[in-house]
Amino acid sequence: MQLTLEQCTIRPWQMNDAKSLAKHANNRRVWLALRDAFPHPYTANDANKFLQNATTAQPTTNFCIEVDGVAVGGIGIHLGRDVHRHTAEFGYWLAEEFWRRGIMTEAVGAFTDFCFDKFSLHRIYAEPFANNPASARVLEKAGFVLEGRLKNNVVKDGELLDSLMYARTK
Ligand SMILES: CC(C)(COP(=O)(O)OP(=O)(O)OC[C@H]1O[C@@H](n2cnc3c(N)ncnc32)[C@H](O)[C@@H]1OP(=O)(O)O)[C@@H](O)C(=O)NCCC(=O)NCCS
């Protein structure tokens, strides 16, 4: 799979993305918006472990965002199970030096369409922390609808935060 968009390409991860991944993912501002499972600091070892999983998982659900031939971000879904087998949770991040150029708006819209086509999903959702208006805006521009505010849902960096439930349904 490869989605070639105006500003970026979405493609499968490769083991040789490790150096670029470790460089761009090693950013406290990126980490602050993500689950603690995303390491910080982000080492070469972390990159290799992630890539080992991402490149062997079946089906492939984690993809690389490439700008000018360099791996500078990630986008993926986590497929639900059991009664949630038609839903998936969506996650993404982009290297800070590329923020505010419209890259993630483009990527999220196209990747959501791809996921609805490729997997038998009826719902794709994301739960940005309430202190992340950029992510909420990206989701809104990609057609996600705000379904609610989950009070005190997250502890991040020692702070209790609300999260926002955004979803696109088919
Ligand atoms: C959130 C993130 C993915 C946004 O990517 P991006 O490529 O910079 O986003 P875009 O440029 O496509 O669009 C950002 C939108 O948010 C707006 N925005 C950016 N920063 C903002 C802020 N601090 N407050 C309000 N709006 C903001 C932009 O103005 C733009 O909206 P507009 O087109 O209406 O002006 C990126 O900042 C990131 O990777 N952050 C860290 C990880 C993360 O938050 N992941 C998502 C977890 S749910």
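Author: A residue counts as buried if 20 or more other C-beta atoms lie within 10 Å of its own, as exposed if 12 or fewer do, and as partly exposed in between. The structure above is a predicted model.

Reader: Thanks! Is G109 buried, partly exposed or exposed?

Author: Let's put that cut-off to work. G109 sits in helix α4. There are 18 other C-beta atoms within 10 Å of G109, which falls between the two limits, so G109 is partly exposed.

Reader: How far apart are the C-alpha atoms of G109 and G143?

Author: Along the chain, G109 and G143 are 34 residues apart. In space, their C-alpha atoms are separated by 7.6 Å.

Reader: Which helix gives the most residues to the shell around the ligand?

Author: The ligand has 21 residues around it, and A33, M104, T105, A134 and R137 come nearest. Two or more residues of the shell come from each of β5 (87–94), α4 (103–118) and α5 (133–141). With five residues, the element that gives the most is α5.

Reader: How many residues of that shell are charged?

Author: Sorting the shell around the ligand by class gives 14 nonpolar residues and four polar ones. The number of charged residues is three.

Reader: Are α4 and α5 roughly parallel, roughly perpendicular or oblique?

Author: Their axes lie 9 Å apart, and the two helices pack at an angle of about 45 degrees. An angle under 35 degrees would count as roughly parallel, and 65 to 115 as roughly perpendicular. The angle of α4 to α5 fits neither range, so the pair is oblique.

Reader: Which residues of α5 meet α4?

Author: Helix α4 passes α5 in a right-handed crossing. From α4 come M104, T105 and V108, and their partners in α5 are V138, L139 and K141.

Reader: How many residues in that contact are nonpolar?

Author: The contact of α4 with α5 holds one polar residue and one charged residue. The nonpolar count is four.

Reader: Let's move to another helix pair. At what angle do α1 and α3 pack?

Author: Helix α1 covers residues 18–25 and helix α3 covers residues 44–56. Their axes are 8 Å apart, and the angle is about 120 degrees. Roughly perpendicular ends at 115 and roughly antiparallel starts over 145, so α1 and α3 are oblique at about 120 degrees.

Reader: Which residues of α3 take part in the contact with α1?

Author: Helix α1 passes α3 in a right-handed crossing. The side of α1 supplies A18, L21 and A22, while that of α3 supplies A44, D46, A47, N48 and L51.

Reader: And how many residues of the contact of α1 with α3 are nonpolar?

Author: By class, one residue there is polar and one is charged. The nonpolar residues number six.

Reader: Is Y125 buried, partly exposed or exposed?

Author: Y125 belongs to strand β6 (residues 123–126), and beyond four places away in sequence it touches T87, E89, F90, M165, Y166 and A167. Its C-alpha atom is separated by 7.0 Å from that of M165, 40 residues away along the chain. Buried needs 20 or more neighbours; Y125 has 19 other C-beta atoms within 10 Å, so Y125 is partly exposed.

Reader: How far is the C-alpha atom of R101 from that of A167?

Author: R101 is in the loop between β5 and α4, and its 13 C-beta neighbours inside 10 Å make R101 partly exposed. Along the chain, R101 and A167 are 66 residues apart. Their C-alpha atoms are separated by 23 Å.

Reader: Which residue follows H40 in a cis peptide bond?

Author: Most peptide bonds are trans. The bond from H40 has omega near -5 degrees, and the residue that follows is P41.

Reader: Where does P59 lie?

Author: The peptide bond from Q58 to P59 is also cis, with omega near -5 degrees. P59 lies in the loop between α3 and β3 (62–67).

Reader: What is the phi of D157?

Author: Most residues other than glycine have a negative phi. D157, in the loop between β7 (145–156) and β8 (159–169), has a positive one. D157 is exposed, with 10 C-beta neighbours inside 10 Å, and its phi is near 55 degrees.

Definitions and conventions: Residues are numbered from 1 along each chain as its sequence is written. This is a predicted model: local features need pLDDT of at least 70, side-chain atom pairs count only at pLDDT 80 or more; totals for chains, interfaces and linings use all residues. A residue is near a molecule or strand if its C-beta atom, placed from the backbone, lies within 6 Å of it. Helices (H or I, at least four residues) and strands (E, at least two) are DSSP runs, numbered from the N terminus. Ala, Val, Leu, Ile, Met, Phe, Trp, Tyr, Cys and Pro count as nonpolar, Asp, Glu, Lys and Arg as charged, and the others, Gly among them, as polar. Axes are lines fitted to C-alpha atoms, for helices over the stretch in contact, and angles run from 0 to 180 degrees between N-to-C directions. A crossing is left-handed if the near helix is turned anticlockwise from the far one by less than a right angle, and right-handed if clockwise. Two residues are in contact if their C-beta atoms, placed from the backbone, lie within 7 Å.
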